[in-house]
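This note sets out the points that a colleague may wish to check against the coordinates. Please read it with the sequence and the structure at hand.

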Protein chains: 2
Amino acid sequence: MAGKSEQTRQLVADVALRMFRDLGFEKTTMRAIAAEAGVSVGNAYYYFASKDDLVHELYLQVQAEHSHKAAEAVVGVKDLSGRLKATMHAGLDVMAPYHRFGAEFIATAIRPASPVNPFNDASTAAREASLAIFRTAADGASPAAARKLRAELPELLWLAYMGVTLFWVYDTSSGQRRTRKLVDGLAPLIARGLSLARIPGVSRILDDALDLSRNVRG
Amino acid sequence: MAGKSEQTRQLVADVALRMFRDLGFEKTTMRAIAAEAGVSVGNAYYYFASKDDLVHELYLQVQAEHSHKAAEAVVGVKDLSGRLKATMHAGLDVMAPYHRFGAEFIATAIRPASPVNPFNDASTAAREASLAIFRTAADGASPAAARKLRAELPELLWLAYMGVTLFWVYDTSSGQRRTRKLVDGLAPLIARGLSLARIPGVSRILDDALDLSRNVRG
DNA sequence: ACACAAATTTGAACATGTTCAAAAAGTGTG
DNA sequence: CACACTTTTTGAACATGTTCAAATTTGTGT
């Protein structure tokens with residue numbers, strides 16, 4: 001049977017992800033995962049180089065689901081504010097079951113060496129996928145953003161979403177409703193803020209900001 | 001001798017901080033710290049509840065030094081851009097020896113349970129001290145910022161500094177010169193950006209942004 | 001000086017992430 | 001089938017953060 005190996009891998013991943021959701025990150029020990037999956041600890045490591053790697057697996061799944069739900073949610077929505085709102089809420093929906101785990105997830109993801117780190121060069125693929133979600137939100141909007149912003153807009157929105165996610169991690173209000181409020185307020189603010197780009201005074205500063213951004217990334 | 005206990009505590013802290021600087025976070029094991037300090041592992045734990053607690057100690061020291069150096073650096077500097085630049089560079093100077101450790105530091109600090117977490121309610125004191133540095137930078141500046149911004153300005157600057165710090169962690173350019181460039185470009189941008197608050201179109205959006213911020217924090 | 005309590009120190013023990021040499025199972029070849 | 005070779009699986013071993021009961025030292029009142 002060719003799929004036997006893949007089967008074991010999938011089994012371990014499924015068990016791990018379920019345990020992450022139900023028990024949180026720390027309580028889900030590698031031994032517990034192995035036991036629950038009915039394999040040896042070493043076998044789990046044969047498929048996943050580290051516990052962080054299992055987090056990476058979770059990240060991929062969450063991201064795929066976000067991408068899917070966001071694409072659905074923006075159908076027929078024209079204005080940027082609405083599209084952004086829908087996209088961000090979709091993300092929050094997907095992450096919701098993992099809220100208690102979110103903090104550990106962030107701590108893991110933020111380490112430069114982590115395979116999950118979105119800023120890391122190594123995980124360009126994952127970052128691109130994540131960016132693509134916001135490119136969809138931005139590109140489909142009308143009226144379109146100011147020309148000089150168009151290229152960086154998805155990245156800007158993505159960055160805003162990173163901030164929202166950080167807020168969400170620390171949001172202890174029931175159902176994280178404060179984060180929902182934040183999204184509802186932030187999305188129109190961003191959309192309106194972008195329209196300011198046409199005011200001359202703002203425009204000059206914006207040019208400099210974009211210059212700095214490009215300059216400093218090289 | 002009354003200071004014996006304090007002496008041991010200080011010894012452990014000193015050794016730990018030096019090892020953090022020279023070896024990085026992971027290589028500095030609790031056993032290594034204890035051995036180097038000539039005490040038992042258990043004894044180190046008598047004074048510091050966890051390894052994270054030693055990171056907290058480092059955080060306090062870095063912050064105190066930043067506060068001191070920043071206060072010196074802004075003397076005689078009137079414009080906000082200059083004051084902000086001086087304050088941020090002072091922070092980078094202080095952190096520089098720990099750059100290789102910075103990533104682990106951030107990972108530790110970002111966990112809500114961490115004593116170092118700047119967003120955490122528990123560490124209000126540390127956060128206040130950190131904010132105070134930027135309050136000094138903002139309050140001493142002339143011309144003063146728009147009235148409605150004055151209250152939130154220190155927090156905004158502090159937040160910007162958090163962003164700069166995050167950038168710094170990932171900055172692998174030699175001597176982190178890209179982060180220096182970022183600060184040099186960002187400080188005047190922020191200062192000029194604030195002056196836009198008086199433009200009517202901008203002002204209205206700003207009001208909404210401040211509303212949202214207050215609303216969502218409650 | 002002595003007894004007793006409190007503070008300090010010790011080191012073994014535990015849980016967990018991770019590694020690895022060896023065993024087992026699978027696969028193709030004569 | 002027998003054999004060699006690869007892939008998969010195992011479980012013991014290791015390093016590290018942390019805990020804790022016991023030992024030691026220090027402080028205090030008599």
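The numbered points below go from the overall fold to the pairing of the chains and then to individual residues.

1. Status and fold. The model is predicted. Chain A holds 11 helices and 0 strands, and its pattern along the sequence reads α-α-α-α-α-α-α-α-α-α-α. The C-alpha trace of chain A spans about 65 × 40 × 35 Å along its principal axes.

2. Burial and contacts. Chain A has 218 residues, of which 49% count as buried. Among the contacts in chain A with a separation of 6 or more, 70% are made by residues 24 or more positions apart.

3. Surface and charge. About 10,500 Å² of chain A is exposed, and carbon and sulfur atoms supply 56% of that area. Chain A carries 27 positive and 23 negative charges, and the mean positions of the two sets are 5 Å apart.

4. Relation of the chains. A turn of 180 degrees, with a shift of 0.0 Å along the axis, lays chain B on chain A with an RMSD of 0.0 Å. This is the relation of a two-fold axis. The C-alpha of B:Ala107 is the nearest to the axis in chain B, at 2.3 Å from it.

5. Interface. Through which surface do the copies meet? Of the interface residues of chain B, 100% are also interface residues in chain A, so the copies meet through the same surface.

6. Helix α6 of chain B. This helix covers residues 99-109, and 10 of its 11 residues are buried. Among them are B:Phe101, B:Phe105 and B:Ile106, together with B:Glu104. B:Ala107, whose C-alpha lies 2.3 Å from the axis, is also one of the buried residues of α6(B). Which elements do the buried residues of α6(B) pack against? The partners are α6 (99-109) of chain A and, within chain B, α1 (4-23), α4, α5 (80-95) and α9 (153-170).

7. B:His66. This residue is placed in helix α4 (residues 51-73) of chain B. Is B:His66 buried or exposed? Its relative accessible area is 5%, under the 20% limit, and B:His66 is therefore buried. The side chain of B:His66 reaches the backbone oxygen of B:Thr87 at 2.9 Å. Leaving aside neighbours within four places in sequence, the contacts of B:His66 are B:Thr87, B:Ala90, B:Gly91, B:Val94, B:Ile133, B:Phe134 and B:Tyr161.

8. Cis peptide bonds. In chain A, a cis peptide bond joins A:Ser142 and A:Pro143, with omega about 0 degrees. A:Pro143 belongs to the loop between α7 (124-139) and α8 (147-150) of chain A. In chain B, B:Ser142 and B:Pro143 are joined by a cis peptide bond, with omega about 0 degrees, and B:Pro143 is found in the loop between α7 (124-139) and α8 (147-150) of that chain. A reader may wish to inspect both bonds.

9. Positive phi at Gln176. A:Gln176 is a residue other than glycine, yet its phi is positive, near 55 degrees. A:Gln176 lies in the loop between α9 (153-170) and α10 (177-195) of chain A. With 13% relative accessibility, A:Gln176 counts as buried. In chain B, B:Gln176 has a positive phi of about 55 degrees although it is not a glycine. B:Gln176 sits in the loop between α9 and α10 (177-195) of chain B, and B:Gln176 is buried, with a relative accessible area of 13%.

Definitions and conventions:
Residues numbered from 1 in each chain as written. Chains lettered and ligands numbered in written order. Predicted model: local features only at pLDDT ≥ 70, side-chain atom pairs only at ≥ 80, totals over all residues. Heavy atoms only, no water. Helix = DSSP H or I, 4+ residues; strand = E, 2+ residues; numbered from the N terminus. Buried < 20%, exposed > 50% of the residue type's maximum accessible area, 1.4 Å probe, protein only. Contact = heavy atoms within 4.5 Å. Areas by Shrake-Rupley, 256 points an atom, 1.4 Å probe, with all protein chains shown as cover. Lys, Arg positive; Asp, Glu negative; His and termini not counted. Charge placed at Lys NZ, Arg CZ, Asp CG, Glu CD. Least-squares fit on C-alpha atoms with pLDDT ≥ 70 in both. Polar contact = N/O pair within 3.5 Å; in protein donor to acceptor, adjacent residues only side chain to side chain.
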